[in-house]
Amino acid sequence: MEKTKITSKKAAQAAFENEFATLACALNPSSQFYDGFQFVRQRIQLKGGDPFLAYIAHDNKMENTFVVPTDPEKNGVPSIEDFKDVHVIKTVNTPEEAKEAFIAEFGSLARALNPASQAYMGFRFRQKTIELDGNEFKAFIANSEDKKTTFVVPVDGTVPSIQDYAAVKLVVRKK
């Protein structure tokens, strides 16, 4: 594949077809490649890696995501990824959005930890500036009742995580 910047949905479709033409025909022989899928431009993370811009489309069963990086030089060629491995980055502005982002990332875990309530309804997320692994950033955090676990949802929309309570330090700014 020629490694040029992808600047439109049509270019994303063409790049994907060039990379997976044989597969595209095999999966949907009645249509011209992936005409049925709508590529949209999103900022994503693959398997928790660095965020990047890409055109993505999901299959009808939401099992696979077709990814076409806008900058193939930096982020690689088009690929077919497991739906669960593609995290669409959206900024998080409220505790409710933090809860939704966390449940989207850890839905089955949320029900396993607290089967009596609807996912993490009992936890209160609040926005704080924290230090984690030497990095300072704003996030919505919630702590488990036993103060052993902290649930972290970065405000920049990157992947939420579950951390050891002692590993998350609150940053106190002096005025």
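**Close-ups of charges and unusual turns**

**View 1. Four positively charged residues share a patch on the surface.** Arg-124, Arg-126, Lys-128 and Lys-147 gather here, giving this bit of surface a positive charge. Keep in mind that this is a predicted model. Start with Arg-124, which sits in the loop between helix H3 (95–113) and S6. With a relative accessibility of 70%, Arg-124 counts as exposed. Lys-147, another member of the patch, is partly exposed, at 46% relative accessible area.

**View 2. Lys-147 also has an unusual backbone angle.** Have a look at the loop between S7 and strand S8 (149–154), where Lys-147 is placed. Its phi is positive, about 55°, even though Lys-147 is not a glycine. What makes that worth a close-up? Most residues other than glycine have a negative phi.

**View 3. Asp-133 is another non-glycine residue with a positive phi.** Here phi is near 55°. Where does Asp-133 lie? You'll find Asp-133 in the loop that runs between strand S6 (126–132) and strand S7 (135–143). Is Asp-133 buried or exposed? It counts as exposed, because its relative accessibility is 67% and the cut-off for exposed is over 50%.

**View 4. Asp-71 and Lys-5 meet in a salt bridge.** How many salt bridges does the structure hold? There are two, and this view shows one of them, with 3.1 Å from N to O between the side chains of Asp-71 and Lys-5. Asp-71 belongs to the loop between strand S3 (64–69) and helix H2 (72–75), while Lys-5 is in the segment before helix H1 (9–27), so the pair ties together parts that are 66 residues apart in sequence. As for cover, Asp-71 counts as buried at 12% relative accessibility, whereas Lys-5 is exposed at 57%.

**View 5. Lys-47 and Glu-81 form a salt bridge too.** The closest N and O atoms of Lys-47 and Glu-81 are 3.7 Å apart. Lys-47 comes from the loop between strand S1 (40–46) and strand S2 (52–58), and Glu-81 from strand S4 (residues 79–82), so this pair ties together parts that are 34 residues apart in sequence. Which partner is buried, and which is exposed? Glu-81 is buried, with a relative accessible area of 12%, and Lys-47 is exposed, with 61%. As a general idea to take from this view, side chains of opposite charge can pair when their charged atoms come close.

Methods:
Residues are numbered from 1 along each chain as its sequence is written. This is a predicted model: local features need pLDDT of at least 70, side-chain atom pairs count only at pLDDT 80 or more; totals for chains, interfaces and linings use all residues. Side-chain values use heavy atoms; hydrogens and water are left out. Helices (H or I, at least four residues) and strands (E, at least two) are DSSP runs, numbered from the N terminus. Buried means under 20% relative accessible area, exposed over 50%, partly exposed in between (1.4 Å probe, protein chains only). Patches are made of residues with over 30% relative accessible area and no salt bridge: like charges are joined within 9 Å, nonpolar side chains (Val, Leu, Ile, Met, Phe, Trp, Tyr) within 5 Å. Accessible areas come from the Shrake-Rupley method with a 1.4 Å probe; for residues, only the protein chains shown count as cover. Lys and Arg count as positive and Asp and Glu as negative; His and the chain ends are not counted. The place of a charge is taken as NZ of Lys, CZ of Arg, CG of Asp or CD of Glu.
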